[in-house]
Amino acid sequence: MEWINAILQGTLLGGLYALFAAGLSLIFGVMRLVNIAHGDLIVLAAYLGLTTTVMLGLHPLVALIVVVPAMAGIGYVLQRAVLNQTLGDDILPPLLVTFGLSVIIQNALLEGYSADPQKLDAGALETASIALGPLAVGVLPLLTFAIAVAVVAGLQWTFYRTALGRAFRAVSDNQDIAQLMGLNKRHVFGQAMALALAVTAVAGLLLGIRTSFDPSIGGGRLIFGFEAVIIGGLGNLWGTLAGGIILGVAQTLGAAINPGWQLLAGHLAFLIVLAVRPNGLFPRISG
Amino acid sequence: MSKILKLEGLSRAFGAVKVADQLNYELSQGEALGVIGPNGAGKTSMFNLITGTLAADSGKVHFDGRDVTAQSAAARSRMGIARSFQVPQPFTHMTVFENAMIAATQAAGLSGRAAETLCLDVLEQTGLMDKANTPAGSLTLLNRKRLEMTRALCAKPKLLLLDEIAGGLTEAECHSLVQTIKDVHATGVSIIWIEHVVHALLAVVSRLVVIDFGRKIAEGDPREVMDSREVKEIYLGIDADA
């Protein structure tokens, strides 16, 4: 029963990792940009959530109505003002610039909020649980997982059923031709980053409710996000969800064997997938 | 008659190679112009300069009464310039219908039902209707060429630039293509058509421009131009001074 519980908890944790990863996956898919600052943007969203809840006295989940548009706005401006300038044939400039951005965000958060760990207070939601036979399932992890599925389904729908998604895919497919069809790629990239950071806002708030956070934890979230994307296969959002679940299950199983093995087990699972299926389990983009 | 396009001293060089050298010509509203010239003469570069994918070193492009030299390719496409590529360049991961919809929604600025209706009409016209839900990457060459035409027409262009769209087609295919282009021309769309398949070209255009080394070397009535010394010199290697 202990194992079934670990797998269940890991699956639900995977939902959070999929939320970390979804924005990363979307950005890579549309503009081939690897955003090193992604983890720090998740943490930034958590802090924005903290400020919103403290100042307005809102429940962290209600704070989403403030933080999601705020992060989307930051994403659009960031893309138009900074990141678009780094995109080109060379993949190095965006890596360096987003790495620098990561350092800047961390230090700005340190300056503004100090290094003390913070947490979002979601009240009774944090400890509520549902009895599932002999197992107790937390409402928050369940909610997180449900949100992750909804977000992935929503992104998938956007990509394949809307004009915006068609624009994303056209630019991803062939930037030059897309321009000749009237698409302003700088604007489309801005929209993609806005959408990615809107998802990141959701991830950041759920992270802040689940665990305590401080300005330095972005790097770890980036790694989890990366691992989920790579395990699932580049360019496939449902694959990313599966990747998050595999990572989460590996971690909780590792922790069930020995509490010190949680992170190691996750990284090992990633390493095994990378060795056996370098393109991930469900790749859509080859090469 | 008002001018849809005017090139003024348009020039562009790559190092020592001049792909456009003081190009000047005008296109009237609703006119169909043919462009011929040997390989590497700068015909496709001229299209790149008109659509804005290639920046001019000097000179101006006027479209529909406006100087568009500084406008982006995306902006020019929304104003009504559309082109087809000699080597078809579809969005390979998208279906034929989605390819068409990009042009209809972005370049032509339509939305919803109006965009869908336009795409379906054009797909019917270009004979791609039964491939509407096929990924563009899996199309044959002929169908890719049809898709080039489809996308260009879904952009609802005022000026349609066709780059060797008849190359590699059978006689029957070529005949139906010419008919399609004639139909489009009859709706008032201005056309510039680069083509080596001269008999197809002459069935549509009313004026011919000859380009070599980025320069316009002849211009005028198609048959007269084809019979001219300059064209014979280029195509048949006859030395004009001999």
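This report walks through a helix of chain A, the annotated membrane spans, the fold of chain B and the contact between the two chains. Please keep in mind that the model is predicted.

**Helix α4 of chain A**

Let us start with α4(A), which covers residues 92-113. At 1.5 Å a residue, its 22 residues should span 32 Å, and the end C-alpha atoms are 31 Å apart, which agrees. Five residues of α4(A) are worth picking out in the viewer: Pro94(A), Thr98(A), Ser102(A), Gln106(A) and Leu109(A) are buried. Looking down the helix axis, the buried residues of α4(A) fall within an arc of 110°, so they line one face of the helix. Cover for these buried residues comes from elements that include α2 (38-56), α3 (64-86) and α9 (218-232) of chain A.

Turn the helix around and the picture changes. On the face of α4(A) turned away from the buried side sit exposed residues, namely Leu92(A), Leu96(A), Val103(A), Ile104(A), Asn107(A) and Glu111(A). After α4(A) comes Ser114(A), with a positive phi near 70°.

**Annotated spans**

The UniProt record, an unreviewed entry, gives the feature "transmembrane region" for residues 6-29, 41-71, 91-110, 131-155, 188-209, 221-247 and 259-276 of chain A. Here is how two of these spans look in the model.

| Span of chain A | Helix | Strand | Distance between end C-alpha atoms |
|---|---|---|---|
| Residues 91-110 | 95% | 0% | 29 Å |
| Residues 131-155 | 68% | 24% | 31 Å |

**Chain B**

Moving on to the partner, chain B has nine helices and 10 strands. Its radius of gyration is 18 Å, close to the 18 Å that the globule rule gives for 242 residues, so chain B is as compact as a globular protein of that length. Along the principal axes, the C-alpha trace of chain B spans about 60 × 40 × 35 Å. Buried residues make up 46% of the 242 residues of chain B. Among contacts in chain B with a separation of 6 or more, 64% come from residues 24 or more positions apart.

**Where the chains meet**

How many residues does the contact take from chain A and from chain B? Chain A contributes 15 residues and chain B contributes 22 residues. On the side of chain A that touches chain B, α6 (163-173) and α7 (175-180) each supply at least two residues. Of the elements there, α6(A) gives the most, with six residues. By type, the residues on this side of chain A divide into seven nonpolar, four polar and four charged.

Definitions and conventions. Residues numbered from 1 in each chain as written. Chains lettered and ligands numbered in written order. Predicted model: local features only at pLDDT ≥ 70, side-chain atom pairs only at ≥ 80, totals over all residues. Helix = DSSP H or I, 4+ residues; strand = E, 2+ residues; numbered from the N terminus. Expected span 1.5 Å × (residues − 1). Buried ≥ 20, exposed ≤ 12 C-beta atoms within 10 Å, placed from the backbone. Arc of directions from axis to C-beta. Contact = placed C-beta atoms within 7 Å. Rg over C-alpha atoms; globule rule 2.2 N^0.38 Å. UniProt positions renumbered as here; feature names shortened; annotations may be inferred. Nonpolar A, V, L, I, M, F, W, Y, C, P; charged D, E, K, R; others polar.
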